[in-house]
Amino acid sequence: MHFRFDPARLPAATEALRQEVRAFLSEELRDTPAEVRARTWMGVDREFSQKVAARGWLGMTWPKRYGGHERTAFERYVLIEEMLAAGAPVGLHWMGDRQSGPLLLRYGTEEQKSELLPRFTRGEIFFCIGMSEPDTGSDLASVRSRATRIDAGWMLDGTKVWTSGAHLSDYMIGLFRTRPAGESRHEGLSQFVVPLRAPGISIRPIRDLSGIDHFCEVVFEEAIIPAGSLVGEEGAGWQQVMAELAYERSGPERFLSCHPLLVELIRELGQDGEASAGERARVEIGRRVARLATLRGMSISVAALLDRGENPELEASVIKDLGALFEQELPDLAQELVGLAPCSDPAARPFQRALAHLVQNAPSFSLRGGTREILRGIIARGLGLR
Ligand SMILES: Cc1cc2nc3c(=O)[nH]c(=O)nc-3n(C[C@H](O)[C@H](O)[C@H](O)COP(=O)(O)OP(=O)(O)OC[C@H]3O[C@@H](n4cnc5c(N)ncnc54)[C@H](O)[C@@H]3O)c2cc1C
């Protein structure tokens with residue numbers, strides 16, 4: 001087994017879209033401060049998501065009959081890299097566009113697809129992902145939340161935690177146990193599209209280190225959801241979730257979460273002309289930009305694999321791991337090169353405010369979407385080393 005990172009290029013035809021997106025973003029984000037841009041895909045702005053929807057940029061690659069726009073995966077790639085590089089507040093629609101929509105297209109019933117997807121692409125509803133639970137993160141097969149078949153549909157009991165954006169979402173794609181584990185713990189799990197306003201569901205936002213209510217605890221107490229909420233096959237949840245995670249690990253969000261800080265860093269170092277930056281700073285910036293270009297090349301190569309319908313689990317894990325390392329080093333390096341401490345005071349320099357946000361958030365980059373150790377385990381297995 002070896003890595004498949006064949007060189008791939010974004011088609012020249014995507015350039016017109018890139019210019020269109022840049023023009024849109026420079027207008028929309030004109031007054032957005034650096035610390036808000038630094039949130040990138042954790043930033044939330046309902047009005048912004050609705051404007052993106054109105055442009056036809058949600059569900060861009062999905063079939064028109066489900067509200068999509070039938071554009072190419074490369075066009076979507078260009079759109080999201082521009083959004084991330086600019087620090088656009090894409091968080092509200094992020095999960096639905098990246099994951100829940102593609103999952104429903106692949107496994108959902110006709111009713112789920114025709115009922116939910118057009119509403120999402122119009123910016124009317126948003127999704128969150130309910131996999132993790134207290135005591136269940138890396139070891140996802142140990143999910144204990146239950147879905148029980150009853151006459152009225154399915155009854156849900158249990159607790160999900162760290163669910164990004166649950167308090168702002170309308171539906172959760174949740175993983176529940178529908179049967180006791182058999183010989184394999186991977187058996188008996190199923191996915192549901194859960195309407196979050198159903199009685200018996202309570203959502204409590206959890207404030208993170210930087211003071212943002214980004215993720216939530218979601219408690220299900222005899223919550224009854226319709227029979228038609230099952231996604232895909234009962235008991236096949238594990239296989240479906242594994243397919244879903246490939247969408248999650250290779251995109252540009254895995255190395256562009258700190259991009260607004262890199263921009264502020266270069267701005268800060270160049271304040272008094274390029275000469276003021278000093279030799280060390282120039283070398284370090286050059287190194288980071290080269291690494292960024294390499295990660296981007298690898299990620300575009302995986303986009304090409306996905307476009308051909310191939311499973312990039314191994315390559316996606318490599319990108320996520322290297323991307324998290326790249327992003328986590330940047331705040332410390334930035335502080336060292338500029339010699340200014342992080343500070344969230346509104347009167348502080350934009351660089352310091354962006355730095356303050358990222359110093360507090362960067363540790364989570366190697367947790368969300370699969371921890372470093374888990375990814376390295378996947379890589380070792382993919383290479384036949386374990
Ligand atoms: C910002 C953020 C957003 C998140 N959003 C969501 C979301 O929207 N939906 C959702 O479902 N979850 C979400 N999560 C949860 C995330 O998926 C879990 O935190 C992650 O999978 C790790 O699980 P855990 O926290 O239970 O840690 P654990 O699994 O308990 O891991 C603790 C430590 O032990 C290590 N470890 C565990 N097992 C092994 C092993 N077999 N070998 C070696 N080392 C191991 C881990 O690498 C880690 O360092 C989010 C997390 C963060 C930080």
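Which residue in β5 is the bridge partner of isoleucine 173? That would be valine 193, and we'll come back to the strands around this pair shortly. A word on the ground rules before that. What you have here is a predicted model, where local features need pLDDT of at least 70, side-chain atom pairs count only at pLDDT 80 or more, and totals for chains, interfaces and linings use all residues. Residues are numbered from 1 along each chain as its sequence is written.

Let's start with the whole chain. The protein chain has twelve helices and eight strands; these are DSSP runs (H or I over at least four residues for helices, E over at least two for strands), numbered from the N terminus. Its radius of gyration is 21 Å, close to the 21 Å that the globule rule gives for 386 residues, so the chain is as compact as a globular protein of that length. For the record, that radius is taken over C-alpha atoms, and the rule is 2.2 Å times the number of residues to the power 0.38. Laid along its principal axes, the C-alpha trace of the protein chain spans about 75 × 45 × 40 Å. Of the 386 residues, 45% count as buried, where buried means 20 or more other C-beta atoms within 10 Å of the residue's own, exposed means 12 or fewer, and partly exposed is in between, with C-beta atoms placed from the backbone. Contacts (C-beta atoms, placed from the backbone, within 7 Å) reach a long way along the sequence: among those between residues at least 6 apart, 75% join residues at least 24 apart.

Back to the strands, then. All seven of the seven residues of β4 (residues 171-177) are buried, so this strand is largely enclosed by the rest of the structure. In a regular strand the side chains alternate between the two faces of the sheet. In β4 both faces are covered: Tyr171, Ile173, Leu175 and Arg177 sit on one side, with Met172, Gly174 and Phe176 on the other. Strands count as paired if DSSP finds at least two bridges between them. β4 pairs with β1 (residues 127-130) in the parallel sense over four bridges, while seven bridges join β4 to β5 (residues 189-195), running antiparallel.

On the β1 side, phenylalanine 127 stands opposite tyrosine 171, and glycine 130 has glycine 174 as its bridge partner in β4. β1 is covered on both faces too, with Phe127 and Ile129 buried on one side and Cys128 and Gly130 buried on the other. Serine 169, in the loop between β3 and β4, is worth a look here. Its C-alpha atom is separated by 5.3 Å from that of phenylalanine 127, although the two are 42 residues apart along the chain. Leaving aside neighbours within four places in sequence, serine 169 is in contact with Phe126, Phe127, Cys128 and Leu196. Serine 169 counts as buried because 25 other C-beta atoms lie within 10 Å.

Now zoom out to the domains. The assignment, which is automatic or from a database, gives domain 1 (12-126), domain 2 (129-235) and domain 3 (241-382). The C-alpha centres of domain 1 and domain 2 lie 25 Å apart, and their contact takes 17 residues from domain 1 and 13 from domain 2. On the domain 1 side, α5 (91-107) and α6 (110-121) each supply at least two residues, and α5 gives the most, with eight.

Where does the ligand lie? Domain 2 and domain 3 both give residues to the shell around the ligand, so it lies between them. That shell has 19 residues, the closest being Met131, Gly137, Ser138, Thr371 and Glu373; a residue is in if its C-beta atom, placed from the backbone, lies within 6 Å. The elements giving two or more residues to the shell are β1, β3 (153-164) and α12 (372-382).

Finally, a backbone oddity. Most residues other than glycine have a negative phi. Glutamate 70, in the loop between α3 (46-54) and α4 (73-86), has a positive phi near 50 degrees. Glutamate 222, found in strand β7 (residues 213-225), also has a positive phi, of about 50 degrees. Glutamate 70 counts as exposed because it has 11 C-beta neighbours inside 10 Å, and glutamate 222 is exposed with 11 other C-beta atoms within 10 Å.

Technical notes
Contact = placed C-beta atoms within 7 Å.
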